[in-house]
Amino acid sequence: MTATMTDTPPPAAPKADTATRSGRSLGQILMIVAGALLLVAAVRVISGSDQLTSEGQVSAALSLAVPIGLAGLAGLWSERSGVVNIGLEGMMILGTFGAGWIGWQSSPWLGLLCGVGFGVVGGLLHAVATVTFGVDHIVSGVAINLLALGTTQYLAKLFFVDGKAADAGGNPKQSPPVDSLPNFDVPGLSSGLHSIENHHWFLISDIAGILGGLVTDLSVVTVLAVALFVGSWWLLWRTSFGLRLRSCGENPIAAESLGVNVYKYKYMAVAVSGGLAGLGGAFLALVTSHSYLEGQTGGRGYIGLAAMIFGNWRPGGLAMGAGLFGYSDALQLRNGGETVHALLLLLFVLLLAMAGWKLYKKAHWQGGISLLVAAGVLVWYLVTDEVPSDFVGATPYVVTLLVLSLSAQRLRMPKADGMRYRKGQGK
């Protein structure tokens, strides 16, 4: 996302994306997940904070992660084609308004489609500016954000302040209430896992609580979001269409010389990006709050971009990043300072492990700083009972900064991401 905006063409020979993978096998990934589960379970037992892995906590985290994940997936589609899209926040805003505006007048299903459609419009505006006219991608994205905010504020005052909308509860900052989309539990699993969780067994109850949160009180949009992640991975990495699209983000000149219509693929990718961001906004309007509210995106478009960067521009890592940010957000919303206080112990262990790794790699300065910070975190945990409320509210943003700072050394963005391209350069 931070590519330099220049007209300098990318290197002549594209490299296969498979050469940049982290090299971790499935067994290694499973070992990392198992180690993380053991660590969180141990922190829960030591701190006595059972909410860390409770069904309600995980269910709330999943709900909060969906709009972030959809925004990140939107950014992935756009940037894999070579178009930087920081206008995701604005496209989500358009999606919230479209879903709330149409949703209260007809049905939430039509509101969902309208939210996606409004997002596609925002994506096409960004594509026209960046692909056709060569506007700087960052400038265009900022303009989309400002335009979406101003447009929705004007339309809300136009449509929600009088007539039937006002009688139904609308005002200049929100739409009338929208009917709920259906929620469901997975039959036979929710109650059984909840029973196991209530025993508070080490690790077993933690796993039951996490799985229970993933199969309880699910929205249909959540299931749709999971399907979109899987479908995006298959389409972008397992089909010729995806190979052509990704080649536009790696080396559009080479792609054009091989017969790829670079403009068409960029337009399609940015339009899909806008639709996914609009779907994330529609989720906020229809599932989270059941109405359009001014400012309800709350920067989730930007956090989605952070999750995409954390995931190294790949769907799996992006899903993990969105889950992490959703989990931290759910902690501060549901449980406040006492549960966030338990995370200090987890942070201490992670900093200690990082210090050991840096010292092993002969990076003595970094290792020493990590040890010093770890000691400070431990002292903080031992002398306090809860985290101050001011800091609790900043938990998701602190986690965002920490994750990006710790993962920045292993990132590899598409090579032509953000670079201007003109048709005919490959001839």
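Here's a quick look at three spots in this predicted model: a surface patch, an enclosed helix and a buried serine.

## A greasy spot on the surface

Start on the outside, where four nonpolar residues, Val128, Phe133, Val135 and Val139, form a patch on the surface. Together they offer about 330 Å² of accessible area.

Phe133 sits in the loop that links α4 (108–132) to α5 (137–159). Its relative accessibility is 58%, and the cut-off for exposed is over 50%, so Phe133 counts as exposed.

## Helix α13, mostly tucked away

Now for a helix with a rather different setting. Helix α13 covers residues 300–310, and nine of its 11 residues are buried, so the rest of the structure largely encloses it. The buried set is Arg300, Gly301, Ile303, Gly304, Leu305, Ala306, Ala307, Met308 and Ile309.

Follow the chain just past the end of α13 and you get to Asn312, which has a positive phi of about 60°.

## Ser54, a buried loop residue

Ser54 belongs to the loop between α1 (26–47) and α2 (55–80). Is Ser54 buried or exposed? With a relative accessibility of 5%, and buried meaning under 20%, Ser54 counts as buried.

As for its partners, the Ser54 side chain comes to 3.2 Å from the backbone nitrogen of Gln57. Leaving aside residues up to four places away in sequence, Ser54 also touches Glu197, Gly209 and Arg334.

Methods: Residues are numbered from 1 along each chain as its sequence is written. This is a predicted model: local features need pLDDT of at least 70, side-chain atom pairs count only at pLDDT 80 or more; totals for chains, interfaces and linings use all residues. Side-chain values use heavy atoms; hydrogens and water are left out. Patches are made of residues with over 30% relative accessible area and no salt bridge: like charges are joined within 9 Å, nonpolar side chains (Val, Leu, Ile, Met, Phe, Trp, Tyr) within 5 Å. Accessible areas come from the Shrake-Rupley method with a 1.4 Å probe; for residues, only the protein chains shown count as cover. A salt bridge is a side-chain nitrogen of Lys or Arg within 4 Å of a carboxyl oxygen of Asp or Glu. Helices (H or I, at least four residues) and strands (E, at least two) are DSSP runs, numbered from the N terminus. Buried means under 20% relative accessible area, exposed over 50%, partly exposed in between (1.4 Å probe, protein chains only). A polar contact is a pair of N or O atoms within 3.5 Å; within protein, one must be able to donate a hydrogen and the other to accept it, and residues adjacent in sequence count only if both atoms are side-chain atoms. Contact means heavy atoms within 4.5 Å.
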